[in-house]
Amino acid sequence: MRYIDTHCHIDLYDDPAEELSRAAAAGVGIVAVTNAPFVYEACCKLASGRPDVWVAVGLHPELAAKYAHQVDDLIRFLETTRLVGEVGLDYRVTDSDTHNTQRDVFARILRACDNKGNTVLSIHSRGAEADVVSMLGTGFRGTAILHWYSGAIGHLEAAQNNGCYFSINASMLASKNGTKLVSRMDRSRVLTETDGPFAKVDKKRARPLDIQHTVEALAKFWKVESEVVQSTVVANWTSVLALD
Ligand code: MN
């Protein structure tokens with residue numbers, strides 16, 4: 001494994017098997033996040049026999065109201081995976097009623113993860129960074145990865161002090177605010193992601209192979225060789241998996 005895409009919706013491509021094969025051939029490991037518990041098992045089938053694909057069970061905050069009744073399923077699936085995502089809160093595109101439901105759902109998921117102890121979560125926090133960071137708190141027994149973080153520097157620093165990791169993508173490195181945030185992240189806490197197929201690279205749907213662009217952009221930003229970024233990020237991912 002030479003690269004890691006810690007946040008990719010592999011089940012939402014036209015031909016997921018083809019994407020997975022291409023990624024494997026290029027040495028790209030993938031955390032296949034899911035948006036609702038009912039798609040988790042199908043995603044596991046897609047990934048079966050692929051050692052560098054980790055399937056995460058999730059419930060996207062924008063779907064939390066619709067699938068709140070599936071939280072118990074998600075918690076049951078924690079018996080078969082340590083990876084959880086996409087979960088979190090989104091206050092940007094939803095109304096305040098939905099925010100309450102989102103917080104209930106996220107709190108139940110966090111409690112179950114805390115009980116299990118060694119989970120790794122890919123967390124969405126758009127417009128809700130303060131609540132995400134405070135709900136995780138200081139003693140969460142698991143590893144939180146804040147995906148595509150776009151909030152205030154203060155919450156980023158609080159999250160980092162509490163042990164959070166950050167997965168960054170090409171869009172973040174192409175924006176002024178994104179690079180300002182990345183500059184505050186400790187290099188030992190940085191992971192890479194595409195958020196494909198939702199995110200765009202060169203106006204096209206991002207694919208796991210595009211992680212190479214992120215690595216190159218990060219190398220430029222850190223003023224190091226691409227190989228240094230590659231090995232740093234893979235080492236960071238290895239240490240996430242080694243945490244208990
Ligand atoms: Mn996503």
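## Helices lying across the three-stranded sheet

Let's begin with helix 9 (residues 211-222), which lies across strand 1 and strand 2 and runs at about 110° to strand 1. Please keep in mind while you look around that this is a predicted model. Helix 2 (residues 40-47) also has a place here: it lies across strand 2 and strand 3, and its direction is at about 170° to strand 3.

The strands beneath these names belong to an open sheet of three strands, ordered 1-2-3 with parallel pairing. Strand 1 (3-8) and strand 3 (53-55) are the edge strands; each has a single partner strand, so one side of each is left without a neighbour in the sheet. From one strand to the next, the twist averages 10°. If you would like to follow one pairing by eye, try strand 2 (residues 28-32) and strand 3, which pair in the parallel sense over three bridges. Within that pairing, Ile30 has Val53 in strand 3 as its bridge partner.

## The five-stranded sheet

Now for another sheet. Five strands make up an open sheet in the order 4-5-6-7-8, and their pairing is parallel. Which strands stand at its edges? They are strand 4 (83-88) and strand 8 (190-192); each has a single partner strand, so one side of each is left without a neighbour in the sheet. On average, neighbouring strands of this sheet are turned by 30° against each other, direction ignored.

At the strand 8 edge, three bridges join strand 7 (residues 165-168) to strand 8, and the two run parallel. A good pair to look for is Ile168 and Thr192: Thr192, in strand 8, is the bridge partner of Ile168.

## The manganese site

Which residues coordinate the manganese ion? The donors are His7 (NE2), His9 (NE2), Glu86 (OE) and Asp195 (OD), at 2.3 Å. Along the sequence, these donor residues follow the spacing H-x1-H-x76-E-x108-D.

The site brings distant parts of the chain together. Glu86 sits in strand 4, while Asp195 belongs to the loop between strand 8 and strand 9 (200-201), and the two residues are 109 residues apart.

## Helix 5 and its two packing partners

Two packed helices are described by the angle between their axes and the distance between the axes. For helix 4 (residues 96-116) and helix 5 (residues 129-136), the axes come within 11 Å and cross at roughly 30°. That makes helix 4 roughly parallel to helix 5. Their crossing is right-handed. On the helix 4 side, Arg103, Phe106, Ala107 and Leu110 take part, meeting Asp131, Val132, Met135 and Leu136 of helix 5. Sorted by class, this contact has six nonpolar, no polar and two charged residues.

Helix 5 also packs with helix 6 (residues 153-161), at an angle of about 20° and with the axes 10 Å apart. These two helices are therefore roughly parallel to each other, and their crossing is left-handed. Glu129, Ala130 and Val133 of helix 5 make the contact with His155, Ala158 and Ala159 of helix 6. By class, four nonpolar, one polar and one charged residues form this contact between helix 5 and helix 6.

Definitions and conventions
Residues are numbered from 1 along each chain as its sequence is written. This is a predicted model: local features need pLDDT of at least 70, side-chain atom pairs count only at pLDDT 80 or more; totals for chains, interfaces and linings use all residues. Side-chain values use heavy atoms; hydrogens and water are left out. Axes are lines fitted to C-alpha atoms, for helices over the stretch in contact, and angles run from 0 to 180 degrees between N-to-C directions. Helices (H or I, at least four residues) and strands (E, at least two) are DSSP runs, numbered from the N terminus. Angles under 35 degrees count as roughly parallel, over 145 as roughly antiparallel, 65 to 115 as roughly perpendicular and the rest as oblique. A crossing is left-handed if the near helix is turned anticlockwise from the far one by less than a right angle, and right-handed if clockwise. Contact means heavy atoms within 4.5 Å. Ala, Val, Leu, Ile, Met, Phe, Trp, Tyr, Cys and Pro count as nonpolar, Asp, Glu, Lys and Arg as charged, and the others, Gly among them, as polar. Two strands pair if DSSP finds at least two bridges between them. Donors are N, O and S atoms within 2.8 Å of the metal (3.2 Å for Na, K and Ca); water is not among the atoms, so sites may look incomplete.
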